[in-house]
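Biologist: Please take a close look at one part of this model, the sheet and what lies around it. Keep it brisk.

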Amino acid sequence: MIKEFIATGKTLDEAIANAKAGLNAPAKFELDVHIEVLDQPQKKFLGIFGGKDAKVKASYDDGVKEKKASKKQNKKNKQAPKKDAPKQEKKKAPQPEKKAEKAAPQPKADEAKKKDFPKNVDTEYAKNYLAEIVKGLDVADAKISAVYEEGVVKMELDCEDYGIIIGRRGETLDSIQYLLSLAMKKNSGGYVRVTIDVGNYREKRNETLRHLAQKNSQYVLRTGRRYTFEPMNPYERRIIHTAVQEIEGVESRSIGYNQDRRVVIEPVGGVKPRQSRGGRGGAPKSAAVTSKPADYTPKKDRADLPKYGKIELNKD
């Protein structure tokens with residue numbers, strides 16, 4: 001369930017701080033808080049008339065399913081496959097024709113890949129395996145469905161409290177998905193990919209990542225600096241790369257190794273060097289003197305003066 005709080009402030013930073021304080025998100029959700037600017041601050045005319053405070057909305061998803069909306073969501077889920085089926089057929093139909101026009105060997109490679117996938121997979125085994133994991137997490141009344149299509153076992157999990165299963169930024173869900181893919185590979189004797197979705201988390205996460213890619217791309221265009229995301233899995237990095245490709249003037253690449261691999265967004269052509277700022281009025285700062293001038297002469301003490309000053313002592 002999404003929780004939100006709207007706050008105002010004289011500046012944008014003050015409004016964001018007030019919104020986060022009013023939202024009071026738990027520590028595990030602090031990084032998932034989404035900030036939306038509703039109104040920009042406006043200064044008063046002549047310091048007296050008009051003026052407007054900044055208005056900001058902070059929100060996050062606590063992972064608890066809303067009971068009232070459960071019936072409506074079930075109806076939408078039943079109607080969704082009917083709408084998605086024709087779209088998939090339209091997209092898949094022209095693909096073999098394009099590949100056949102470009103090169104003849106490509107269809108043979110595609111056929112070899114299809115043969116590597118098992119024709120039939122025990123989806124009941126996948127459901128029972130996932131049910132045991134969910135049971136160990138103390139999640140009650142969980143409903144699990146599984147469908148096998150073209151080497152991918154698509155599973156959906158429906159329960160009241162799915163925050164425990166998702167974990168921080170989906171880390172727990174990704175770990176369960178990885179374990180289940182290993183178990184299905186061993187059970188079927190072939191390569192099988194497993195995807196698990198809980199509470200429509202995958203779609204929400206995709207929207208969040210696309211929003212972050214667009215927001216930080218504008219930052220890179222505005223400042224000319226690069227922006228580095230935190231470590232992500234290959235699926236989430238692919239979403240960032242795809243979103244950045246749609247924006248002109250910026251490009252993305254991945255750096256790091258294994259669990260520390262992350263995405264970097266930077267301007268096309270590289271980061272521009274910063275220009276050094278001068279002092280007041282834009283005048284450049286004078287360079288530091290590092291050598292003696294040619295006409296330098298050391299100072300000498302006068303011969304008629306004592307070398308040390310006279311020290312007087314107070315006599316009691």
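Modeller: Three strands form an open sheet in this predicted model. Their order is β1-β3-β2, and the pairing is antiparallel. The edges are β1 (2-9) and β2 (34-39), each pairing on one side only. From one strand to the next, the twist averages 20 degrees.

Now the β2 pairing. Five bridges join β2 to β3 (residues 54-61) in the antiparallel sense. V37 sits opposite V56 of β3. Helix α1 (residues 12-23) packs on this sheet and touches β1, β2 and β3. The direction of α1 makes about 140 degrees with that of β1.

Next, strand β4, which covers residues 143-149 and includes V147. V147 has a relative accessible area of 42%, so V147 counts as partly exposed, between the 20% and 50% cut-offs. Beyond its neighbours within four places in sequence, V147 contacts V152, V153 and K154. T123 is 24 residues from V147 in sequence, yet their C-alpha atoms are 7.0 Å apart.

Last, helix α8, residues 201-223. A length check works here. At 1.5 Å a residue, its 23 residues should span 33 Å, because the expected span counts one less than the number of residues. The end C-alpha atoms are 33 Å apart, which agrees. Several residues of α8 are buried, among them Y201, R202, R205 and N206. Further along, L209, A213, N216, S217 and V220 are buried too. Just after α8, G224 takes a positive phi of about 75 degrees.

Technical notes. Residues numbered from 1 in each chain as written. Predicted model: local features only at pLDDT ≥ 70, side-chain atom pairs only at ≥ 80, totals over all residues. Heavy atoms only, no water. Helix = DSSP H or I, 4+ residues; strand = E, 2+ residues; numbered from the N terminus. Buried < 20%, exposed > 50% of the residue type's maximum accessible area, 1.4 Å probe, protein only. Contact = heavy atoms within 4.5 Å. Pairing = 2+ DSSP bridges. Axes fitted to C-alpha atoms, helices over the stretch in contact; angles between N-to-C directions.
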